[in-house]
Amino acid sequence: MLNYFMHEMSLAINIVEIACQTAKKNSAGRITSIEVEVGKLAGVLEDSLSFCFQAARHKTLAENAKLEIISIPGKGYCKTCNYTFETDTFFTLCPKCQGLAVDILQGKDLKIKSIDVD
Ligand SMILES: [Zn+2]
């Protein structure tokens, strides 16, 4: 559990750092909100990320910023039968042909979508 928490903490610190660099580059006074996309397969607990963000933003330009988390569903693609499907897990069989040759197309990443500044 602690490991998970550490993971979200370092992500939150990263998000705040990137947002602050962007704000400085644009000579912005403060950050009002940060929108992040979190893939369902990224291994990120959204509640923990929000919680860690509250701590990470302390005494930065993002002090009063809101963190908006957009969940991105996982998507797999079967190379055997060309079928695209939604999935909650990395290790999945194709639901159509039970094949193993599945690529994960979407849902693996965490990325900052937008940063609003004043
Ligand atoms: Zn298939």
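# A first look around the model

A search of the whole structure, which is a predicted model, turns up 2 aromatic pairs. Let's begin with those and then work outwards to the sheets, the zinc ion and a couple of unusual loop residues.

## The aromatic pairs

A pair of aromatic rings is described by how far apart the centres are and by the angle of the planes. Tyr83 and Phe85 make up a stacked pair, with 6.0 Å from centre to centre and 20° between the planes. That angle counts as stacked because it is under 30 degrees. How exposed or buried are these two residues? Tyr83 is partly exposed, at 29% relative accessibility, whereas Phe85 is buried at 7%.

Then there's the pair of Phe90 and Phe91, which is tilted: the centres lie 6.2 Å apart and the planes make 45°. Phe90 is partly exposed, with a relative accessible area of 39%, while Phe91 is exposed at 78%.

Here are both pairs in one place:

| Pair | Centre to centre | Angle between planes | Kind |
|---|---|---|---|
| Tyr83 and Phe85 | 6.0 Å | 20° | stacked |
| Phe90 and Phe91 | 6.2 Å | 45° | tilted |

Phe85 shows up again when you look at Thr92. Thr92 sits in the loop between β4 and β5, and leaving aside neighbours within four places in sequence, Thr92 is in contact with Phe85, Thr87 and Val102. Is Thr92 buried or exposed? The relative accessible area of Thr92 is 19%, so this residue counts as buried; the cut-off for that word is under 20%.

## The sheet of β4, β3 and β5

β4 and β5, the strands on either side of that loop, belong to an open sheet of 3 strands. The order is β4-β3-β5, and the pairing is antiparallel. β4 and β5 stand at the edges, and each has a single partner strand, so one side of each has no neighbour in the sheet. From one strand to the next, the twist averages 35°.

Strands of a sheet pair through backbone hydrogen bonds, in either a parallel or an antiparallel way. Here β3 and β5 pair in the antiparallel sense over 4 bridges. If you want a spot to click on, try Tyr77, which stands opposite Asp103 in β5.

## The zinc ion

Which residues hold the protein donors of the zinc ion? They are Cys78, Cys81, Cys94 and Cys97, with the SG atom of each as donor, lying 2.3 Å from the ion. The 4 donor atoms subtend angles of 107 to 116° around the zinc ion, which makes the arrangement tetrahedral. In sequence, the spacing of the donor residues reads C-x2-C-x12-C-x2-C.

Cys78 and Cys94 form a pair that links distant parts of the chain, 16 residues apart. Cys78 lies in strand β3 (residues 74-78), and Cys94 lies in the loop between β4 (83-87) and β5 (102-106). Both Cys78 and Cys94 are buried. That puts one zinc donor, Cys94, in the β4-β5 loop, which is also the place of Thr92.

## The sheet of β2, β1 and β6

Now for the other strands. β2, β1 and β6 form an open sheet of 3 strands in the order β2-β1-β6, and the pairing is mixed. Why does one side of β2 and of β6 lack a neighbour in this sheet? Each of them, β2 (66-72) and β6 (110-117), stands at an edge with a single partner strand, so one side is left free of a neighbour. Neighbouring strands of the sheet are turned by 20° against each other on average, direction ignored.

Strand β1 (residues 31-39) pairs with β6 in the antiparallel sense over 7 bridges. Within that pairing you'll find Val36 opposite Ile112 in β6. Helix α2 (residues 46-56) packs on this sheet and touches β1, β2 and β6. The direction of α2 makes about 160° with that of β2.

## Two loop residues with a positive phi

Most residues other than glycine have a negative phi. Ser27 goes the other way, with a positive phi of about 45° although this residue is not a glycine. Ser27 lies in the loop between α1 (2-25) and β1 and is exposed, at 67% relative accessibility.

Lys59 also has a positive phi, near 60°. You'll find Lys59 in the loop between α2 and β2, and this residue is exposed too, with a relative accessible area of 69%.

Key
Residues are numbered from 1 along each chain as its sequence is written. This is a predicted model: local features need pLDDT of at least 70, side-chain atom pairs count only at pLDDT 80 or more; totals for chains, interfaces and linings use all residues. Side-chain values use heavy atoms; hydrogens and water are left out. Two strands pair if DSSP finds at least two bridges between them. Axes are lines fitted to C-alpha atoms, for helices over the stretch in contact, and angles run from 0 to 180 degrees between N-to-C directions. Contact means heavy atoms within 4.5 Å. Donors are N, O and S atoms within 2.8 Å of the metal (3.2 Å for Na, K and Ca); water is not among the atoms, so sites may look incomplete. Four donors count as tetrahedral if all angles lie between 85 and 135 degrees; four count as square planar and six as octahedral if opposite donors are over 155 degrees apart and all others between 65 and 115; anything else is irregular. Buried means under 20% relative accessible area, exposed over 50%, partly exposed in between (1.4 Å probe, protein chains only). Rings of Phe, Tyr and Trp (its six-membered ring) pair if their centres lie within 6.5 Å; planes under 30 degrees apart count as stacked, over 60 as edge-to-face and the rest as tilted.
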